[in-house]
Structures are given as C-alpha cells and as structure tokens.
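Hello,

Here is the structure I promised to pass on to you. Please have it open while you read the notes below.

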Amino acid sequence: MKKTILSLMAVAAMSTTALAADFKPALVYGTGGKFDKSFNESAYNGAEKFKADTGVEYRDFEPTGDAQGEQAILNFASMGFNPVVALSFAWKSAVEKIAPQFPDTEFYIVDDVIDAPNVQSVVFKEEQGSYLVGLLGAMKSETGTVGFVGGMDIPLIHKFGCGYAQGAHAADENVKVLRNMVGTTGAAWNDPVKAGELTKNQMDQGADVIYAAAGASGLGVLQAAADAEKYSIGVDSNQNYVHPGSVLTSMVKRVDNAVYDAFKASQDGNFEAGVNSLGVAEDGVGWAYDENNKALITEDMMAAVEKAKEGIISGEIEVHDYSVDNTCPY
C-alpha cells in the first residue's frame with residue numbers, strides 16, 4: 001500500500017513537471033535594458049515572481065533596436081514559446097505581422113492596441129497616476145514651478161505629461177509646468193546625460209520638483225535633482241529608494257502585475273483577446289509611499305492625494321487622456 005502511494009506521488013510529481021516543461025512563456029523587453037530601474041525592470045520583476053510562485057522557467061530578450069525586437073518575437077514564436085509578451089508600443093508592427101503566422105500562439109502587447117484573435121492589448125491609464133503625482137508635486141513646490149522630462153516624444157509620454165500638469169493645476173491653478181522630451185527615437189529611453197541636462201535647465205527656470213517619464217534616461221533626472229537638493233518624481237517602478245529624501249514619490253505603473261497576470265492567464269487557459277485597460281481603480285497605476293519618502297509627504301498632501309484617488313475612481317475627477325485627441329488643455 002505504501003509503495004502504491006509513493007508510486008502515485010511520483011507520477012503526480014512527474015505530471016506536474018511535464019506540465020511546467022510544456023508551458024513556455026517568453027518576454028521581449030523594450031529598448032533601454034532589462035535593469036533600467038523603471039519600465040523594463042518592473043516587467044522582469046513580474047516574470048521573476050511568476051517563476052518563484054509556479055516553478056516555471058521563462059525566456060526573455062533585451063533588444064537594443066527595433067530589428068532585434070522583431071526578430072526575438074519571431075524566434076520565440078517559431079520555437080514554440082507561448083505566450084509571447086511584447087513589452088513596448090515599439091513592437092506593434094512586429095506583432096501585427098507575426099501573430100497571424102502563429103494563430104495558436106497567444107501574444108500580449110503592452111502599451112499599444114492590436115485587434116487580432118490571438119492578441120491581448122494591455123494598456124494603462126498613465127494620465128491618472130500622473131495626475132496624483134502632479135498634485136503632490138505642486139503641493140510640495142516652493143517656487144510654483146514644476147517640471148516634466150519625458151523620454152521619446154510620442155503620444156504615450158504626453159499622456160504622462162498632461163496628466164501631471166492637470167494634477168499640478170488642481171493643487172495650484174497658477175502653477176507653471178515646464179515640459180521637455182529627451183528625443184524622438186528609441187535612444188531617448190537610455191540617455192541619462194541628456195535627461196540630466198534638461199533637468200538642470202528646468203531648475204534654472206525655477207522648477208523645484210521634476211517628474212521623469214523616460215525609462216533609464218529618468219535616472220539622470222533623479223540624479224540631477226538630488227545633486228541640486230531639489231525633488232524628483234520617479235516612474236513605472238517605485239524609484240523612491242534611488243535617492244531617498246530627494247525622490248518625492250514615484251508614479252507606479254504595474255507592469256510587473258501585467259506580465260505576471262499574462263503568464264498566469266495563459267498557463268490557466270484563460271487567455272482573452274481584446275483590450276485590458278488598467279487605471280487607478282484596477283490598481284494599474286498609483287503613487288508610491290514608503291519609508292524612503294514618508295518624511296516628505298505631509299498630512300495635507302496625503303489627504304489630498306487620497307481624495308483625488310477616490311475622485312478618479314468614482315468619476316468625479318476626469319483626467320484628460322492626451323492620446324484621445326493629441327491635445328493637452330493644461
């Protein structure tokens with residue numbers, strides 16, 4: 001009897017191992033590097049959590065350009081990896097081209113929308129999270145001028161900048177919001193020197209709180225603000241720890257959850273094509289509060305940002321989405 005039970009346990013263990021081996025998820029990062037302390041690293045953390053929780057290995061690839069990214073997506077699909085998560089709007093055309101060639105492969109694209117039966121589009125309401133940190137930034141500012149340094153000059157990053165400006169104006173209708181972009185190509189995600197120069201220029205114009213939405217380039221913003229004893233605001237991942245006491249907060253975009261949920265849904269057979277939109281209500285975006293910035297957030301700031309969060313969820317506060325009309329009224 002004991003031998004039979006042990007045999008059954010062994011068979012169950014082998015079955016579990018086989019299932020884990022059969023499930024082969026893959027992840028292609030955006031350009032800027034896996035460990036950018038921001039967007040890509042958040043995705044990596046989500047994949048690592050999935051591996052820790054399930055014991056399932058995954059494959060990932062760090063492209064340095066568009067051609068490499070497309071080739072990686074094609075290679076993963078060709079080798080039977082499923083699902084394939086394409087972590088950037090930059091891979092839209094690649095997924096549009098490759099997905100029809102592999103109808104049985106489940107694809108996820110983050111930060112863009114593709115209408116296909118085997119593609120789920122995961123998008124975020126970045127403007128909502130940016131509104132919250134804009135509110136905090138303007139409340140913290142002593143000069144009445146705040147700044148924004150974006151990465152690549154595209155509508156997606158203008159969503160961050162416009163939401164930030166709206167939140168800042170909600171705190172102070174007379175606030176001045178300075179806005180700059182690092183560049184117009186993918187290189188804009190990995191140029192901290194240029195981002196630091198833009199930050200210094202904004203501080204010369206009076207900005208004392210600067211929000212970075214620029215991938216790895218944002219580290220230059222955080223460094224420049226810390227050097228000048230000003231405040232910065234991080235993005236995507238919680239970057240409060242990078243310069244404790246200088247990073248006022250971070251606009252957290254839960255790319256980690258998106259990747260984890262994508263892998264898990266496909267593993268469980270729950271893949272759904274269509275658009276998955278994540279905002280404040282879905283805990284897809286928010287602001288970071290921890291031991292690194294606790295001393296910087298006053299009771300009034302805390303009360304104001306929590307009230308704003310409730311207003312966004314209830315619909316009382318409508319945050320403008322730049323991508324709808326490519327305009328920003330703030």
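What follows is a short tour of two pockets and one strand.

First, some ground rules: this is a predicted model, in which local features need pLDDT of at least 70 and side-chain atom pairs count only at pLDDT 80 or more, while totals for chains, interfaces and linings use all residues. Residues are numbered from 1 along each chain as its sequence is written, and side-chain values use heavy atoms, with hydrogens and water left out.

Let me begin with the pockets. On a 1 Å grid over the protein atoms alone, a pocket is an open set of points where a 1.4 Å probe fits, with protein on both sides within 12 Å along at least five of seven lines, and its lining residues have an atom within 4 Å of a point. The largest one has a volume of about 320 Å³ (the space filled by probe spheres set on the points, which are joined across faces, edges and corners). Its lining holds 25 residues, and T31, F39, S88, F89 and W189 are the closest to its centre. Two or more lining residues come from each of α2 (39-54), α6 (155-171) and β9 (231-236); helices (H or I, at least four residues) and strands (E, at least two) are DSSP runs, numbered from the N terminus.

The second largest pocket has about 240 Å³ of space. Of its 16 lining residues, D111, V123, L156, K159 and S323 lie nearest the centre. The elements giving two or more residues here are β5 (119-124), α5 (126-140) and α6. You will meet α6 in both places: it gives the largest share to the lining of the largest pocket, three residues, and the most to that of the second largest, also three residues.

Now to strand β10 (residues 247-253), where T249 sits. T249 has a relative accessible area of 0%, so it counts as buried (under 20%, with a 1.4 Å probe and protein chains only). In β10 as a whole, seven of seven residues are buried. β10 runs parallel to β9, joined by five bridges (strands pair if DSSP finds at least two bridges between them), and I233 stands opposite T249. With strand β12 (residues 285-287), β10 pairs in the antiparallel sense over three bridges; there, V285 is the bridge partner of K253.

Finally, the side chain of T249 reaches the backbone oxygen of A288 at 2.7 Å.

Enjoy exploring, and best wishes!

Note on methods: Buried < 20%, exposed > 50% of the residue type's maximum accessible area, 1.4 Å probe, protein only. Polar contact = N/O pair within 3.5 Å; in protein donor to acceptor, adjacent residues only side chain to side chain.
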